[in-house]
Amino acid sequence: MKETVKKIQLISMISFLAAVIFLLIFILSLQFKPKSKNKTPEQQERLILGFSQIGSESAWRTRNTQSIYEAAEENGIQILFDDAQQKQENQLKAIRSFIVYQVDVIAFVPIVEDGWDNVLQEAKDAGIPVILVDRQINADPSLYAGFLGEDGIEEGRRAARYLVNKCKNRTDEVTIFEMSGTENSSVVRDRSNGFREILSAYPKFKIIHSENGDFLRSRGKEIGDNLVTKHFYGANRHGLYFEGTKIDAVYSHNDSMTLGLLDSLAEHNINTKDTIMISVDAEQKSIDALTEGKLNCVVECNPNLGPKLMELVKQIANGETIPRITYNSETMFTEDDDFSKYEPRGY
Ligand code: GYE
């Protein structure tokens, strides 16, 4: 009997010790970055950047992603990359996984402006700095280190200034059809506001309709098809109309939607040589359309954010503060340029 009791006591003691050891290992594992065992010491020191990209909705986005991958490689920074497939919920999951992994820095393109406070508070509580890339958010500024991207308001202003100059000799009303990008994104708000800010000083300009094309070529095609088939168009297939009103100018928030509209016009054999076409991004296909006389103005939005982002990542990792806002350099292309001076766009 005594033997049995001793055996039970021994087994209980061993089980208790095993549980304590397991618990200790588990707690210790949470304190250290889960690094791969087969990494060399220098690899162990590589900065780890968690990057949440919104998707691949346009050639601009694809180049933006390539730029970030290339720059991470050139700077010896390990990148954990997640493609959110255009869903904010996927971005929230990705950022939380970066926190668990205890990356050194998190950077992400917020697909929309709202809904980030909680996850950014979790990153802050975990001591992981966050950089906003390309688009901005409505959140407590203390929750992120800074923003790197385009000045969307200035892009909208540039488009409007071009249109004002183009129409400087017109005294009649100038009607505008706007194709906007992803709803509730900062870049759409900015490109809309910048455009309207300049035009507000000139009563002759009237935005007769604004339609959301979600930055997609397919949506630009649909919008074009709708304009041509459901709204009156010139008897000799000349020009675009909306609810019977002739459209003098189209302002498109990105080249993908513009190219989709051009697809539709070509398919329906619509002549829009008198319609002023303004687009934003400046991917190669839109520059080609400009040189072919299908577009009048292309405002650049520079997707090559990788090199600057890695600079900011290294600054933060060294404990330095970064600027609250860092804009990329951008320009504009118009039908008045010397096209022979154009460089290949690379995307
Ligand atoms: O203009 C568009 C992309 O956020 C500035 O998103 C970016 C925009 C860009 O889909 O092509």
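The legends below describe close-up views of the ligand and its surroundings in a predicted model.

**View 1. The ligand within its cavity.** The largest cavity is where the ligand sits. Two helices, H3 (59-74) and H7 (186-199), are the elements that give two or more residues to the shell around the ligand.

**View 2. The residues around the ligand.** The ligand is surrounded by 13 residues, of which Glu57, Asp134, Arg135, Arg191 and Asp281 come nearest. By residue type, the shell consists of 7 charged, 4 nonpolar and 2 polar residues.

**View 3. Polar side chains at the ligand.** In Asp134, a polar side-chain atom is placed 2.8 Å from an oxygen atom of the ligand. The side chain of Arg135 has an N or O atom 2.8 Å from an oxygen atom of the ligand. For Asp281, the distance from a polar side-chain atom to an oxygen atom of the ligand is 2.6 Å. The ligand taken alone exposes 300 Å², and the protein buries 100% of that area.

**View 4. The two domains at the ligand.** Domain 1 (48-150 + 304-329) and domain 2 (152-301) each supply at least three residues to the shell around the ligand.

Notes: Residues numbered from 1 in each chain as written. Predicted model: local features only at pLDDT ≥ 70, side-chain atom pairs only at ≥ 80, totals over all residues. Heavy atoms only, no water. Near = heavy atom within 4 Å. Polar contact = N/O pair within 3.5 Å; in protein donor to acceptor, adjacent residues only side chain to side chain. Areas by Shrake-Rupley, 256 points an atom, 1.4 Å probe, with all protein chains shown as cover. 1 Å grid on protein atoms, 1.4 Å probe; cavity = no way out; pocket = protein on both sides within 12 Å on 5 of 7 lines; lining within 4 Å. Sits in = over half its atoms within 2 Å of the grid points. Helix = DSSP H or I, 4+ residues; strand = E, 2+ residues; numbered from the N terminus. Nonpolar A, V, L, I, M, F, W, Y, C, P; charged D, E, K, R; others polar. Domains from an automatic or database assignment.
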